[in-house]
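Me: I've got a protein structure open and I'd like to get to know it. Can we go through it with some questions?

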Amino acid sequence: MKLLLYCTKAKPYITISSDKQRVYPSCVISDGIKEWHLNGKIVAESDFEVEDLRIVDDDPLGAYWYETKTLSENEILEKSCLTSDELFDYLGEDNEGYAIHIKNLHIFDEPKKITAYHCKTNKNDELCLNGGCGYKFFYKAPQNMMKVYDHWGKGNEYVLISIRPEWLCKILNGEKTIEIRKKVLKEMII
C-alpha cells in the first residue's frame with residue numbers, strides 16, 4: 001500500500017516546474033519551463049510508515065514532551081516542520097496521534113485528478129460503471145484520508161491523504177518528511 005498526496009484547493013496556490021526541481025508557494029511562471037498547478041490534484045505517491053505519537057508527562061516537575069518509538073521530540077518537530085506549541089495545540093486534549101513517515105517520495109510527471117482512482121461502495125443501489133463491481137468514481141477529496149484503488153479494485157490499494165498546500169510544498173521540496181495526524185486508517189498501522 002502506498003500513500004497518494006492530494007493538494008487541497010485552499011490557498012496559497014502552488015505550482016511545480018516540469019523539471020520537478022522546485023515547488024513554489026505561489027503561481028510563479030518561469031521562462032520556458034512548463035509548470036503544473038497542484039491545488040485540487042494528486043501530485044505524488046510515497047511509501048510510508050506509521051508510528052504512534054504520544055505525550056510523555058512523567059516528569060516530577062510537570063514537564064512534558066512527545067515521542068515515538070524511534071524519534072525524540074526534537075526529531076519529530078524538525079521532520080514535521082512544527083513547533084512544540086503547534087504540535088500540542090493540534091493534538092488537543094488527547095495528546096496522542098500518529099507520525100506518518102513519508103519515504104521514497106515520487107512526484108508525478110503530471111498531476112492526476114482524483115477521478116483516476118476509485119473507492120469501494122457498500123451501496124447496492126449505486127450505479128457502477130463496471131457492471132456491479134462494488135467500486136465507484138469519487139469526485140470530492142477526503143477531509144483527512146481514505147482508501148482508494150486503481151483499476152476498479154483489481155490493482156493497487158492506496159491511502160489518499162489531503163494535505164494543505166503550505167505543508168505539501170514543504171514535503172515536495174524535501175523539507176518535511178513526517179505528517180502528523182490525529183487519526184489514520186487501521187490498514188496503515190502495522
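Me: Is Asn104 buried or exposed?
Reply: Sure, and keep in mind as we go that this is a predicted model. Asn104 sits in strand β7. A residue needs over 50% relative accessible area to count as exposed. Asn104 has 58% relative accessibility, so the word for it is exposed.

Me: What is the phi of Asn104, roughly?
Reply: Asn104 is not a glycine, and still its phi is positive. The value for this residue of strand β7 is about 50°.

Me: And where is Cys81, which also has a positive phi?
Reply: Cys81 isn't a glycine either, and its phi is about 60°. With 23% relative accessibility, Cys81 counts as partly exposed. As for its place, Cys81 is in the loop between α1 and α2.

Me: Let's zoom out. How many helices and strands does the protein have?
Reply: The chain has 190 residues, and 43% of them are buried. Its secondary structure comes to three helices and 12 strands.

Me: What share of the contacts join residues at least 24 apart in sequence?
Reply: For this one, you look at contacts between residues at least 6 apart in sequence. Out of those, the share that joins residues at least 24 apart is 63%.

Me: How much of the exposed area do carbon and sulfur atoms supply?
Reply: The protein exposes about 11,100 Å². Carbon and sulfur atoms supply a share of that area equal to 48%.

Me: Is Leu4 buried or exposed?
Reply: Leu4 belongs to strand β1, which covers residues 2-7. Buried means under 20% relative accessible area. Leu4 has 0% relative accessibility, so it counts as buried.

Me: What does Leu4 touch, and how far is its C-alpha from that of Val43?
Reply: Leaving out residues up to four places away in sequence, Leu4 touches a list of residues that includes Phe108, Tyr117, Val148 and Leu160. Ile42 and Ala44 are among them too. Leu4 and Val43 are 39 residues apart in sequence, but from C-alpha to C-alpha the distance is 7.6 Å.

Me: On to charges. Which residue forms a salt bridge with Glu67?
Reply: A search of the whole structure finds nine salt bridges, and Glu67 takes part in one whose closest N and O atoms are 2.8 Å apart. Glu67 is in strand β6 and its partner is in strand β5, so the pair ties together parts that are 13 residues apart in sequence. Glu67 is partly exposed at 23% relative accessibility, and the partner is partly exposed as well, at 42%. That partner is Arg54.

Me: Which residue pairs up with Lys147 at 3.5 Å, closest N to O?
Reply: The partner of Lys147 is in the segment after β12, while Lys147 is in strand β10, and the two are 40 residues apart. Lys147 is partly exposed at 22% relative accessibility, and the partner is partly exposed at 35%. The residue is Glu187.

Me: Which residue joins Lys147 and Glu187 in a network?
Reply: Lys147 and Glu187 form a salt bridge with each other. They are also part of a network of salt bridges, and the other member is Glu157.

Me: How far apart are the closest N and O atoms of Lys170 and Glu175?
Reply: Lys170 is partly exposed, with 28% relative accessibility. Glu175 is partly exposed too, at 38%. The two form a salt bridge, and their closest N and O atoms are apart by 3.6 Å.

Me: Which side chain of opposite charge is nearest to Glu73?
Reply: Glu73 is in helix α1, residues 73-80. Beyond its neighbours within four places in sequence, it is in contact with Trp65, Tyr66 and Ser84. Glu73 is buried but has no salt bridge. The nearest side chain of opposite charge is 12 Å away, and it belongs to Arg54.

Me: Last one: which residues gather with Asp94 in a patch of negative charge?
Reply: Asp94 is in the loop between α2 and β7. Its relative accessible area is 64%, so Asp94 is exposed. The residues that gather with Asp94 in this surface patch are Asp52, Glu93 and Glu96.

Conventions
Residues are numbered from 1 along each chain as its sequence is written. This is a predicted model: local features need pLDDT of at least 70, side-chain atom pairs count only at pLDDT 80 or more; totals for chains, interfaces and linings use all residues. Side-chain values use heavy atoms; hydrogens and water are left out. Patches are made of residues with over 30% relative accessible area and no salt bridge: like charges are joined within 9 Å, nonpolar side chains (Val, Leu, Ile, Met, Phe, Trp, Tyr) within 5 Å. Accessible areas come from the Shrake-Rupley method with a 1.4 Å probe; for residues, only the protein chains shown count as cover. A salt bridge is a side-chain nitrogen of Lys or Arg within 4 Å of a carboxyl oxygen of Asp or Glu. Lys and Arg count as positive and Asp and Glu as negative; His and the chain ends are not counted. The place of a charge is taken as NZ of Lys, CZ of Arg, CG of Asp or CD of Glu. Helices (H or I, at least four residues) and strands (E, at least two) are DSSP runs, numbered from the N terminus. Buried means under 20% relative accessible area, exposed over 50%, partly exposed in between (1.4 Å probe, protein chains only). Contact means heavy atoms within 4.5 Å.
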